Amino acid sequence: MIPAHAPLSLYIHIPFCREKCAYCAFYSLPQSMYECSLVERFHQNLLEEIRQLCAMRTHPFETVFLGGGNPGILSVQQLCTLLEPIQALGPPCEITMEINPESITAEHEALAGSGLNRISIGIQSLRQQHLDTLGRNAKLEHMVQALDLVGRMRKRTGWRLNCDLMTCIPGQSVTDALDDIDDLVSLAEPDHISLYNLTVEEGTQLARRVGSDALVLLDEDDEEKMLRSCWEHLEVLGFAQYEISNFARSLQSRCIHNERYWNLDDYVGLGPTAAGTIACSDRALRITGAPSVHAYLEGKPFSTYGTEMLHRHEVMEEQLLMSLRTSDGIDKNRWLFRFGVPFDDLFASQVEALRGGELNLFTDSDARFSLTKEGLMVCDAIILHLSSALRPPS
Ligand code: SF4
C-alpha cells in the first residue's frame with residue numbers, strides 16, 4: 001500500500017497543547033489532561049511507526065510536516081529522534097514544524113541539524129484584546145520575544161518562516177487587521193503568511209460564548225470587506241496570494257507540503273486524527289488515525305488507523321475543492337490523465353452558466369481553469385455548482 005519509491009509526503013500529528021484555545025476544534029489534549037510520561041510513551045509509539053514506515057521506503061519523502069497540537073510540547077531531543085529515520089532515507093526538500101510562540105527556545109536551533117528548514121508560528125494577532133477573545137495562552141510579549149528569537153535563528157539557519165494570522169475576530173476592525181499585518185511584517189519579515197478568517201466550530205468555547213450573546217460575530221458584508229482589504233494589503237507588501245488563505249513572497253516561499261495536498265498528491269499521516277491519501281488509479285485510499293491518544297498508546301503500531309476507498313466522483317470533488325482554492329487552479333492535462341475524461345467536457349454546462357454572470361469569476365484556458373479573486377470570494381458556491389456535474393441524475 002505504501003509506495004516504496006514514488007513521491008510521498010509525511011504529516012506527523014502531535015496531539016498536545018498547553019491549553020485549549022477558545023476557537024480550536026482540532027484534536028489535542030490540554031496540559032491538564034496529560035503528564036510527561038504520557039508524552040514520552042506517545043513519542044516512543046510514534047517513533048516506532050516512523051521507523052516502520054521508513055523501512056517500507058527506498059526513496060526520501062518529498063516533504064514532512066510536524067503539526068498539531070503544538071509540536072513544541074515535545075523536547076528538542078524527542079523531535080530530533082523523530083527526524084532521524086526520515087533523514088536516513090535522504091533529506092526531504094522541505095521539513096516544516098508548527099510551533100506556538102510561548103514554546104520556542106534557543107535550543108530549537110538544533111533542529112536545523114536534523115533537516116528542519118521551515119518553521120510555522122501561530123501568531124493569530126498582535127493585539128492583546130484579540131488574543132484574549134481567541135483564548136490564546138500566549139501573551140503579546142511572548143509573540144514579540146518569539147519573533148525576535150526566530151529572527152536571530154533564521155540568520156544562522158536560513159529557515160523559511162510562516163506566520164498564521166486570524167481575521168474577522170469579534171471586535172476587530174479593518175484597521176486592526178491591517179495593523180496586525182504591518183506589525184508582523186516589520187517585526188519578523190516572514191516569507192509566508194497564512195491568513196485565516198475565524199470560523200466558529202461547534203463544541204468550542206467560542207461557540208458557547210457566541211451562543212450566549214457574549215460575542216457578536218461580523219456579518220457577511222463586513223467579513224468580505226475585511227478580507228478584501230487584507231488581501232489587497234498583502235499584495236501591496238509583496239505577498240502573492242497562491243491559495244485562498246496563503247500568501248508567499250516568491251515562488252520559492254510557497255509551502256511545498258501544502259501544495260502537494262492541494263494537488264491531491266500522495267501523503268501519509270501519522271498520529272491520532274492524522275489523515276493520509278494514496279491514489280489508486282482514479283480512486284484513492286484515505287487513511288485516518290482514530291481521535292484518541294489513549295487508544296493510540298494501547299494498540300500496536302498502525303492498529304488505530306481506519307481506511308476508506310474514495311470513489312472516482314469523490315476524488316474529483318476533492319480535486320475541485322482543493323485545486324480551485326489555489327491561484328494555479330485545475331491543471332486540465334493532469335485531470336485528463338487521472339480521470340480519463342476532459343475537464344471541459346465534464347463541466348461544460350456548469351462553466352457556461354458561470355460565464356453568464358456579471359462578475360468575472362474565473363479564467364479558463366486550454367491548460368487551466370482557475371478562479372479570480374472575485375471567484376475566490378464565493379469559491380464554496382462555485383465548487384458546489386461545479387460538483388453538480390458529478391452527481392448521477394436522479
Ligand atoms: S495551540 Fe493550536 S492546536 Fe492547540 S488548542 Fe490552540 S489552536 Fe488548537
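How do the axes of helix α1 and helix α2 cross, and within what distance do they come? I opened the notebook with this pair, keeping in mind that I am working on a predicted model.

**Entry 1: the helix pair**

I looked up α1, which covers residues 36-55, and α2, which covers residues 76-88, and found that their axes come within 9 Å and cross at roughly 5°. Because angles under 35 degrees count as roughly parallel, I noted α1 as roughly parallel to α2. I then listed who makes the contact: from α1 the residues are H43, L46, L47, I50, R51 and C54, and from α2 they are Q78, T81, L82, P85, I86 and A88. Sorted by class, the residues of this contact come out as 8 nonpolar, 3 polar and 1 charged.

**Entry 2: the ligand shell and a cis bond**

Next I asked which residues are found around the ligand. I wrote down C17, K20, C21, C24, F26 and S28, followed by G68, G69, N70, N100 and G122. By class this shell has 4 nonpolar, 6 polar and 1 charged residues. Two of the residues in the shell, G68 and G69, are joined by a peptide bond that I found to be cis, with omega near 25°. I placed G69 in the loop between β2, which spans 63-68, and α2, and α2 is one of the helices of my opening question.

**Entry 3: the two domains**

I turned to the domain assignment of the protein, which gives domain 1 as 9-260 and domain 2 as 313-394. Their C-alpha centres lie 30 Å apart, and the contact takes 6 residues from domain 1 and 7 residues from domain 2. Which elements give two or more residues to the side of domain 1 that touches domain 2? I found α7 (220-236) and β7 (240-243), and β7 gives the most, with 3 residues. The residues on this side of domain 1 divide into 3 nonpolar, 1 polar and 2 charged.

**Entry 4: positive phi outside glycine**

I checked two residues for their backbone angles. T273 has a positive phi of about 70° although it is not a glycine, and I located T273 in the loop between β9 (267-270) and β10 (275-280). With 18 C-beta neighbours inside 10 Å, T273 counts as partly exposed. S281, also not a glycine, has a positive phi of about 45°, and S281 sits in the loop between β10 and β11 (283-289). I counted S281 as exposed because it has 10 C-beta neighbours inside 10 Å.

**Entry 5: is T167 buried or exposed?**

I looked up T167 in strand β5, residues 160-167, and recorded T167 as buried, since 26 other C-beta atoms lie within 10 Å and 20 or more is the limit for that label. Leaving out residues up to four places away in sequence, T167 touches Q172, A177, L195, N197, M226, L227 and C230. As a distance check, I noted that the C-alpha atoms of T167 and S323 are separated by 23 Å, with their positions 156 residues apart along the chain.

**Entry 6: A207 in helix α6**

I found A207 in helix α6, residues 205-211. A207 counts as partly exposed because it has 16 C-beta neighbours inside 10 Å. Which residues is A207 in contact with, leaving aside its neighbours within four places in sequence? My list for A207 reads V200, E201 and E202. I also recorded that A207 and S28 are 179 residues apart in sequence and 18 Å apart in space, C-alpha to C-alpha; S28 is one of the residues around the ligand.

**Entry 7: two exposed loop positions**

I placed E189 in the loop between α5 (174-188) and β6 (192-197). E189 is exposed, with 12 other C-beta atoms within 10 Å, and 12 or fewer is the limit for that label. The C-alpha atoms of E189 and G151 are separated by 8.1 Å, while the two residues are 38 residues apart along the chain.

I closed with L359, which is found in the loop between α13 (348-355) and β14 (362-364). With 11 C-beta neighbours inside 10 Å, L359 counts as exposed. From L359 to T372, 13 residues apart along the chain, the C-alpha atoms are separated by 9.8 Å.

Note on methods: Residues are numbered from 1 along each chain as its sequence is written. This is a predicted model: local features need pLDDT of at least 70, side-chain atom pairs count only at pLDDT 80 or more; totals for chains, interfaces and linings use all residues. Domain bounds come from an automatic or database domain assignment. Two residues are in contact if their C-beta atoms, placed from the backbone, lie within 7 Å. Helices (H or I, at least four residues) and strands (E, at least two) are DSSP runs, numbered from the N terminus. Ala, Val, Leu, Ile, Met, Phe, Trp, Tyr, Cys and Pro count as nonpolar, Asp, Glu, Lys and Arg as charged, and the others, Gly among them, as polar. A residue is near a molecule or strand if its C-beta atom, placed from the backbone, lies within 6 Å of it. Axes are lines fitted to C-alpha atoms, for helices over the stretch in contact, and angles run from 0 to 180 degrees between N-to-C directions. Angles under 35 degrees count as roughly parallel, over 145 as roughly antiparallel, 65 to 115 as roughly perpendicular and the rest as oblique.
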